Structure formats: C-alpha cells, structure tokens
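Open the model in your viewer and keep the sequence panel beside it, since this tour moves from the whole chain to single residues and tells you what to select at each stop.

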Amino acid sequence: MKLFNPDAAAEKLLRRFAGGTSRRGMLARLGGALVAAPVFPLLPVSRAGAAKPDRSPEAKTAFARKAQTVDDTKCDYWRYCAIDGALCSCCGGGIHTCPPGAESSPVSWVGTCINPEDGKAYMIAYRDCCGKPMCTQCMCDNQDREMPLYVPQLNNNIIWCFGTQSMEYHCSTAVMVGPA
C-alpha cells in the first residue's frame, strides 16, 4: 500500500480549488492583475545594491579621456561632451548665459558628461541662444553618447529655438543640471 498517492492528492487539491472559485471570480482576478501590472515599474525600489557605473579610464569615451576643466572656450571643455554649434563663451556670453541681445531657448537637449576633476558624471542641459545672426567662433560638434533623431532630447542636430521670438540660431550654452 502506498503512503502517498500523487493522483489522489492532485484530484483533492483541484476539487477544493474548483469548489471555492467561480469562472467570474477567476476572470475578475485575472482582469485585476492585468490592470495592475503596468503600475509595478512605478513602485519604489531600493537601488542601494545597484552596480556603480564604471568610470575607469578604459570605460570612458574618447571625449571623456581628453576632456579638460580649465578653458571653457575650447571644444574639449568637459561640459561640452554633447554640444553642437558655437560656444556662447566665445560669442559674448558664458557657459550658461546667452550674450546680450540673444534669447535662451525654453527647450534643450541633454548630455551626461564626466568631470575629470572628480570623476563624477553630471547631466548637462544644452540650450540654444536665438535671435541674433549665427556666431562663427568656437564651432564644436561633439557627439559623445548622442542618440539618433528618434530620441530628440538627446540629439544635438536640431535647432532648439522653439518658443522664442526668432528661430535664428546664435550660439549654445551648457548648463549643469546636477549629478547623473
């Protein structure tokens, strides 16, 4: 005589389950699960154990390996990793200010640049200054981690003078948003 009959145990379990549920109840639970599933990625998650990004010299991009922190009028200044256009610091403005007579665009594209002094990554918002003829000094075309045009907020090939008095491009600024 067998002490444990798997067929009998499975039958007993299924009969108990069938006696306590209905088709409508099962459909309601399934529907609830389908409605709740998209919300799960929005729940808070502890990221303390997440891997730290590799910022070793070998993992850095070509731009990050040669970036400098001294001269903001040069294309290899660390904040300019994804800038495309004339530097406002050469055109009468500054790293984060438009020159007099130019208007800052309300929209921007972003880049994540590594500061060589502290080795940390920072998010940089690049804004076009608009409303004056194009400045032809200090032209840069850095494409560090640039994304194709189907991700426009990370693409530097767009004139970002939307929402300004004039769509005429003058120069670009690089405003540090904060740590990445």
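Two residues are in contact when heavy atoms of theirs lie within 4.5 Å. With that in mind, look at the whole protein, which is a predicted model: among its contacts with a separation of 6 or more, 67% are between residues 24 or more positions apart.

**The whole chain**

Colour the protein by secondary structure, and you should find three helices and six strands, which follow one another along the sequence in the pattern α-α-α-β-β-β-β-β-β. Now switch on the surface, whose accessible area comes to about 11,700 Å², with 61% of this belonging to carbon and sulfur atoms. Of the 180 residues in the protein, 31% are buried.

**The largest nonpolar core**

Next, select W78, Y80, I83, I124 and Y126, which touch the most other members among the 27 residues of the largest nonpolar core. Then add the strands β3 (109-114), β4 (121-130) and β6 to the view, as each of these supplies at least two residues of this core. Which strand gives the largest share of the core? That share, four residues, comes from β4.

**Y80**

Keep Y80 selected and centre the view on this residue, which sits in the loop between α3 (62-66) and β1 (84-86). Is Y80 buried or exposed? Its relative accessible area is 1%, and because buried means under 20%, Y80 counts as buried.

To see what surrounds Y80, show the residues it touches beyond four places away in sequence, which are F63, D72, K74, C75, L87, S89, I95, Y126, N142 and A174. One of them, Y126, is also named with Y80 among the core residues that touch the most other members. You can also draw a distance from the C-alpha of Y80 to the C-alpha of S172, which should read 9.9 Å, although these two residues are 92 residues apart in sequence.

**T164**

For the last stop, select T164, which lies in the loop between β5 (139-141) and β6 (169-179). T164 has a relative accessibility of 15%, and it therefore counts as buried, the cut-off being under 20%.

Show the side chain of T164 together with the backbone of S166, and look for the polar atom of that side chain which lies 2.6 Å from the backbone oxygen of S166. Finally, leaving aside neighbours within four places in sequence, display the residues in contact with T164, namely E103, S104, S105, P106 and C130.

Terms used: Residues are numbered from 1 along each chain as its sequence is written. This is a predicted model: local features need pLDDT of at least 70, side-chain atom pairs count only at pLDDT 80 or more; totals for chains, interfaces and linings use all residues. Side-chain values use heavy atoms; hydrogens and water are left out. Buried means under 20% relative accessible area, exposed over 50%, partly exposed in between (1.4 Å probe, protein chains only). Accessible areas come from the Shrake-Rupley method with a 1.4 Å probe; for residues, only the protein chains shown count as cover. A polar contact is a pair of N or O atoms within 3.5 Å; within protein, one must be able to donate a hydrogen and the other to accept it, and residues adjacent in sequence count only if both atoms are side-chain atoms. A nonpolar core is a set of buried Ala, Val, Leu, Ile, Met, Phe, Trp, Tyr and Cys residues joined through side-chain atoms within 4.5 Å.
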